[in-house]
Amino acid sequence: MSPSVRLQEMIRVIRSARTQGEERGVIQRECAAIRAQFRQADNGGRSHNLAKLLYVHMLGYPAHFGQMECVRLIASPRYNEKRVGYLGAMMLLDENQDASLLITNSIKNDLAHSSQYVQSLALCTLACMGSAEMCRDLAPEIDRLLRASSSYIKKKATLCAVHIVRKVPELGELFTPAARALLAEKNHGVLHGAVILITELCERNAQTLVQFREAVPELVHIMRGLVTSGYSPEHTVAGISDPFLQVRILRLLRILGRNNDTASDAMNDLLAQVATNTDSSKTAGSAVLYETVLTVMDIKSESGLRVLAVNILGRFLLNNDRNIRYISMTSLQKIVSTDHNAVQRHRGTIVDCLKDQDASVKRRALELSLALVSAINIRSMMKELLLFLSTCPPELKSHAASVTVIPLRQAGADVRDETVPNLIQLITNASQLHCYTVHKLYRALVADISQQPLVQVACWCIGEYGDSLLQGDCEETEPIQVTEDDILDALETVLQSHMSSPATRGFALTATMKLSTRITENVDRIRSIVSIYGSCMDVELQQRAVEYNALFKKYDHMRAAVLEKMPVMDRSSMGQTNGESGGGGVQELEPTKPKQPEMMVAPQPASQVGGGEGGGGHGF
Amino acid sequence: MVRYFKKIMHFLLLFSRQGRLRLQKWFTPTPEREKKKIIRDMTAMVLARKPKTCNFLHWMDLKVVYKRYASLFFCLAIDDQENELLALEILHRYVELLDKYFGNVCELDIIFNFEKAYFILDEFLIGGEVQETSKQTVARCIEASDMLQEVKHTHTLAHMLIL
């Protein structure tokens with residue numbers, strides 16, 4: 001019976017166990033048998049016993065008693081035993097285990113073995129789990145293999161050298177000459193390893209980096225060869241010639257071209273060529289284009305090339321493959337501060353991605369959209385953002401709270417007149433958002449009352465949804481203890497501040513008044529605030545205060561109805577706002593009709609949105 | 001906590017839809033307990049992903065690229081600076097290599113021949129990097145190594161096919 005069947009038989013038995021307990025029983029028995037076998041002399045089945053142990057280990061059971069067996073098998077003259085021994089070493093031993101040092105000698109011997117497959121095992125294992133000490137010990141041997149061996153061995157030795165350099169950076173000097181020579185190799189595997197090795201050397205040593213800048217023309221030449229070469233059965237993937245190698249070369253070029261005009265110039269044309277000629281219909285091509293974009297953005301490239309790169313990202317946003325859309329977003333996010341205008345050109349597409357099926361793409365689109373809000377586009381952006389909020393998945397709601405505050409803050413004082421009422425309308429119509437919108441805006445208000453649009457929207461929301469604020473408990477934001485006095489303090493601060501425009505004070509006063517029906521304890525305080533402003537110098541404010549006073553005194557029975565929460569605002573009743581409809585952006589909810597009082601006391605009827613008659617919109 | 005020094009790949013995991021581990025390759029020395037925790041976390045995170053989402057996740061300071069092939073999830077953790085699209089290509093290449101070797105590979109092949117799956121992986125990746133970009137070359141090397149296993153003693157290996 002072929003020994004391998006015994007392994008498979010064991011696997012079958014384990015899998016047929018019906019319970020966890022049964023499985024454990026089987027495994028305990030098997031491990032006991034394996035242990036016994038390990039103690040015996042060479043019986044020809046050693047590799048299979050170890051293989052069984054490795055399987056058991058993968059299921060999560062302890063296998064440390066197999067470590068010494070690995071050491072023994074590695075030293076065996078039989079290839080099949082070496083193979084499993086090395087596999088075991090890679091699985092059970094790492095540099096932190098004492099037993100790992102014991103295999104150093106075997107590795108050394110095997111590196112010089114007459115069979116390249118044995119050499120290969122040693123190289124692979126060293127690169128996988130070689131400790132710093134082992135690396136120091138064996139580095140000269142690796143260097144020798146880098147220079148004089150078959151391609152098969154060279155490519156492995158190169159990656160071994162990479163591992164050594166990562167563990168013991170000083171040894172980089174040892175490998176630098178060989179690395180340079182390897183660039184002349186034709187074999188893709190060796191070339192690929194060489195590029196990685198050079199990358200590693202350059203990243204760790206500034207002088208080496210300078211040295212390798214001279215290799216830029218050579219790298220450009222290799223890359224050009226790849227881009228223009230035709231189909232090769234060995235290396236072509238979806239029409240791209242060796243995308244793995246292309247990406248690594250692009251990465252190395254990035255490191256060499258960074259902060260260096262000469263090197264960047266030398267690669268400019270090549271990058272343009274790759275960017276233009278690479279077919280991105282499949283992932284392989286997109287991977288190359290992506291790396292190209294990253295390189296272009298990181299080196300000192302010409303502005304034309306940069307624009308080309310951003311346009312590639314813009315095109316990626318329209319790709320059917322959501323992975324490509326996602327990485328496009330993350331890349332745009334990285335460059336939005338440095339290349340803001342270039343990214344703004346793709347704002348439409350980015351905003352469309354708020355409706356993407358994929359939650360990760362959505363989240364990225366949200367972050368990016370927020371970064372793109374400016375005074376000019378705030379109205380349309382807010383519309384999209386609030387629409388997004390009303391339909392976004394729950395896990396994004398916590399991010400969403402910033403959606404109301406950040407754009408207002410970013411747009412600053414410089415917004416157009418109708419922005420505030422439009423934003424208010426948008427917020428009103430997104431009823432799921434009331435709670436955390438008011439929380440966020442309250443916090444923003446307390447922090448800073450200088451930005452008028454933000455303050456106005458905040459006052460309005462506090463007036464409308466102050467009761468949510470008092471409850472304190474909003475699932476999407478951290479809980480915050482706000483007392484009635486706190487809220488009134490905030491509004492009074494706005495009223496009294498010299499930074500507040502008359503319109504803003506109007507908002508604050510009306511908000512204060514509305515709270516009289518939403519709070520319970522401090523109504524007297526509100527009464528006194530309102531009566532004070534009855535003698536205010538500002539005529540508008542005075543008129544309101546007088547009317548609100550009347551609402552307290554003579555028309556107290558109507559106060560609740562008049563100050564009821566605003567209904568959903570129908571777009572058609574927007575009258576004053578100059579028909580800049582966003583087309584289907586407004587969500588229509590079930591309107592709650594207020595009781596129409598016989599006498600309308602407030603200067604504007606409760607059901608009409610104040611568009612303002614110029615000079616700063618009125619409140620309600 | 002394991003410190004991840006810079007390299008392309010940090011670990012590769014294969015697991016079934018029920019969360020059973022089928023292969024694990026660690027490119028960074030990691031204590032056993034830590035490995036178990038990572039496997040639990042990865043499995044939970046990846047299995048919780050809805051069908052129409054992209055193949056990338058963020059975990060700690062790494063990016064996790066995953067793809068489902070039949071009943072197996074292939075999960076590769078890469079450095080934050082790395083190219084995720086290329087990582088997808090790497091996973092795909094490994095699957096192609098398995099497929100070529102086993103012929104219409106399925107999960108059972110990987111279960112019952114797990115050591116072969118590792119041998120193939122070790123001809124494709126070394127130390128967390130791609131070592132060979134040609135599918136055919138990897139396949140030829142595996143074949144040759146397999147033939148070698150049939151031979152009793154290694155002193156005859158020198159006569160075997162050198163590639």
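Helices are taken here as DSSP runs of H or I with at least four residues, numbered from the N terminus. In this predicted model, helix α9 of chain A, residues 151-167, includes R166(A). The relative accessible area of R166(A) is 9%, so the residue is buried, the cut-off being under 20%. The side chain of R166(A) is nevertheless engaged in a polar contact, of 3.1 Å, with the side chain of E200(A).

A second arginine of chain A, R46(A), belongs to helix α3, which covers residues 46-58. With a relative accessibility of 14%, R46(A) likewise counts as buried. When neighbours within four places in sequence are set aside, the residues in contact with R46(A) are E69(A), R72(A), L73(A) and E81(A), and with E69(A) there is also a polar contact between the two side chains, at 3.5 Å. As for the extent of chain A, the C-alpha atom of R46(A) is separated by 60 Å from that of V336(A), a residue 290 positions away along the chain.

Helix α14 of chain A contains 15 residues, and the distance from its first C-alpha to its last is 21 Å, close to the 21 Å expected at 1.5 Å a residue. Of its 15 residues, 15 are buried, and α14(A) is therefore largely enclosed by the rest of the structure. The helix is followed by N259(A), a residue with a positive phi, near 60°, which is situated in the loop that links α14 (243-257) to α15 (261-277). In contrast to the buried helix, N259(A) is exposed, its relative accessibility being 65%.

Most residues other than glycine have a negative phi. Besides N259(A), for which the positive value is near 60°, a positive phi is found at A238(A), where the angle is near 50°. The position of A238(A) is in the loop of chain A that connects β1 (236-237) with β2 (240-241), and its relative accessible area of 42% makes this residue partly exposed.

Chain B has 163 residues, of which 63% are buried. Its secondary structure consists of 5 helices and 7 strands, which succeed one another along the sequence in the pattern β-β-α-β-β-β-α-α-α-β-β-α. If contacts in chain B are restricted to residues at least 6 apart in sequence, 49% of them join residues at least 24 apart. The chain has an accessible surface of about 6,700 Å², and carbon and sulfur atoms account for 54% of that area.

Between chain A and chain B, the contact involves 72 residues of the former and 70 residues of the latter. On the side of chain A, the most area is lost to chain B by M58(A), R83(A) and F244(A), which together make up 12% of what that side buries. The area that the two chains bury between them is about 6,600 Å², with 56% of it on carbon and sulfur atoms.

The polar component of this interface includes 24 residue pairs in polar contact, counted where both residues have pLDDT of 80 or more. Helix α7 of chain A (residues 116-129) supplies 7 residues, the largest share of the side of chain A that touches chain B. The number of salt bridges found across the interface is 8. A salt bridge is formed by R251(A) and E82(B), for which the closest N and O atoms are 2.9 Å apart.

A further cross-chain interaction is centred on S134(B), which occupies the loop between β7 (129-130) and α5 (135-150) of chain B. The relative accessibility of S134(B) is 0%, and this residue is accordingly classed as buried. Neighbours within four places in sequence being left aside, the contacts of S134(B) comprise E234(A) and H235(A) from chain A, together with R93(B) from chain B. With E234(A), the side chain of S134(B) makes a polar contact to the side chain of its partner, at a distance of 2.5 Å.

Conventions: Residues are numbered from 1 along each chain as its sequence is written. Chains are lettered from A and ligands numbered from 1 in the order in which they are written. Side-chain values use heavy atoms; hydrogens and water are left out. Helices (H or I, at least four residues) and strands (E, at least two) are DSSP runs, numbered from the N terminus. Buried means under 20% relative accessible area, exposed over 50%, partly exposed in between (1.4 Å probe, protein chains only). The expected span of a helix is 1.5 Å times one less than its number of residues. Contact means heavy atoms within 4.5 Å. Accessible areas come from the Shrake-Rupley method with a 1.4 Å probe; for residues, only the protein chains shown count as cover. Buried area is the accessible area (1.4 Å probe) that two parts lose on being put together, summed over both. A salt bridge is a side-chain nitrogen of Lys or Arg within 4 Å of a carboxyl oxygen of Asp or Glu. A polar contact is a pair of N or O atoms within 3.5 Å; within protein, one must be able to donate a hydrogen and the other to accept it, and residues adjacent in sequence count only if both atoms are side-chain atoms.
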